[in-house]
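Please read the following report alongside the sequence and the model. The text goes from the overall build to paired strands and then to backbone details in loops.

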Amino acid sequence: MELAQIEQLVRDGKVEYVKIGTPDMEGVYRGKRVDATYFLHALNEGFAQCDVLFGWDIAENVLPNLKFSNWERGFADLVMRPDLSTFALVPWEEHVASCICDLWTESGEPVKLSPRYLLGQLVERARSLGYSVAAAAELEFRLFRESQVSLREKDFGPNLTPLNPGMNCYAISQASADDHLLGRIARMMRDYGIAVEGYNREHGPGMYEMNLRYQPALVAADYTMLFKTGVKEICYQMGYAATFMAKWHDQEDGSSGHSHMSLWDLDMERNLFWDEEAEGHMSATMRHFLAGILESMPGLMALYAPTINSYKRYVAGTWTPLNTTWGWDNRTCAVRVINNGPRAIRIENRVPGADANFYLVFAAMLAGGLYGIERKLELGPALRGNAYDPATIARASESGHIQALARNLTAATDLFEQSEVAREYFGSDFVEHFAATRRWEVSEFERAVTNWERRRYFELI
């Protein structure tokens, strides 16, 4: 919105509080609520935010030995400066708006560890080469008939009550049965300015997929964060709970976060991936871009799969990729090429789970793609057949370079630290900080005793 519109909303009493915040390393929208009048008065100075935002884990345990945020620095303030283009009324809360902020140091420097800053810089790098970037996320998530209290009483599972107990993938009747919640989510998002193009029951109890409309990449990341936050808020208000965990239960499929991307001209009028005369209508730009995504994928896996739980999703035959393959409309591959029209041609990256930080997902795709364009990488042949079949992969590897993807966070973090693409496009400070946060995540898990261990060893060992 324009500032004058916001001022009018405040004067008219339509906005009393504003939720201001920014994504942390996990993509969680963190910040505070401020009085709307104070919001207007403090726009020029910005709003103080403790730098612990990047100094703790998702459970809010402070990490040791971080350069950016630590006890020695005293957890100083950062400055949140609202991006007024993101200001929007929150339909499920009375007289409340939200506004995403960029982060600055008190000395006036941008916070270069910020996921939103990193994606914004890569978008500008693409523009300098003549490209606009469009992106969108498809998010699968689970819904439960649980409250924040009952989740804790049941220790978060495994015996939670799903919104809908059947599998019922694509079943219209079952989706209709749940529309008191899903329909409200879709309509509230529409009124929030986030277009949900469609949604359907997915392959699991209480499981749904909602597809967000493509947008400029930074807007797409903003919308994905706001969508995930909004789904949780609406569910809690209605007595339900939602999770975007990659794999909530070991006996059920995981939740994907399929990510779409294409390059356009600077006026967003022509999709530069389309070439009428080329094989499959794939332009040379698209081939280089896709080659870069595939080449960089193992090294950037920690951005696509950032948690311990992320790797529980990568199981053969469960619609989740295990290697750096691509194919024409092939859902067993890491990248599915969709080429059904000059505006719709795009790359679908099937590696990320719904648990990922989509600022970093889109940044990883864009970094890899630009790497491919800038170095004119050659794209190997498309995979024909089943990417889970070892014989198929062995044959394909004879004519193309196919790499296995990491199967745990330790291996992915090792590759991330060694990645040439990560250091060139994200900077060494971010690489070292993000790697430290992932190693902390691993060390926390290694100390944990799980239900699986109790079930397996308690009685007989």
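Helices, taken as H or I runs of at least four residues, and strands, taken as E runs of at least two, are DSSP runs numbered from the N terminus. With these labels, the place of D155 is in the loop between α4 and α5. The model is a predicted one, and the values below should be read with that in mind.

**Overall build**

The protein has 15 helices and 15 strands. Its radius of gyration is 22 Å, close to the 23 Å that the globule rule gives for 461 residues, so the protein is as compact as a globular protein of that length. Along the principal axes, the C-alpha atoms fill a box of roughly 65 × 60 × 55 Å. Of the 461 residues, 56% count as buried, and the accessible surface of the protein comes to about 20,300 Å², with 50% of that surface belonging to carbon and sulfur atoms. Among contacts between residues at least 6 apart in sequence, 71% join residues at least 24 apart. The protein carries 46 positive and 62 negative charges, and the mean positions of these two sets are 3 Å apart.

**Paired strands**

Strand β1 (residues 17-23) and strand β2 (residues 29-35) run antiparallel and are joined by 7 bridges. Within this pair, P23 stands opposite Y29 in β2, and the hairpin has 5 residues between the strands, where G27 takes a positive phi near 85 degrees.

Strand β3 (residues 47-50) pairs with strand β4 (residues 77-82) in the antiparallel sense over 4 bridges, and Q49 stands opposite L78 in β4. In a regular strand the side chains alternate between the two faces of the sheet. In β3, F47 and Q49 form the covered face, whereas A48 and C50 form the uncovered one.

**Backbone details in loops**

Most residues other than glycine have a negative phi, and most peptide bonds are trans. The table lists two residues other than glycine whose phi is positive.

| Residue | Phi | Place |
|---|---|---|
| D155 | near 55 degrees | loop between α4 and α5 |
| D329 | near 50 degrees | loop between β13 (326-328) and β14 (335-338) |

Is D155 buried or exposed? D155 is exposed, with a relative accessible area of 52%, where the cut-off for exposed is over 50%. The loop between α4 (148-153) and α5 (172-177) also holds P158, and a cis peptide bond, with omega about 10 degrees, joins G157 and P158.

Conventions. Residues numbered from 1 in each chain as written. Predicted model: local features only at pLDDT ≥ 70, side-chain atom pairs only at ≥ 80, totals over all residues. Heavy atoms only, no water. Rg over C-alpha atoms; globule rule 2.2 N^0.38 Å. Buried < 20%, exposed > 50% of the residue type's maximum accessible area, 1.4 Å probe, protein only. Contact = heavy atoms within 4.5 Å. Areas by Shrake-Rupley, 256 points an atom, 1.4 Å probe, with all protein chains shown as cover. Lys, Arg positive; Asp, Glu negative; His and termini not counted. Charge placed at Lys NZ, Arg CZ, Asp CG, Glu CD. Pairing = 2+ DSSP bridges.
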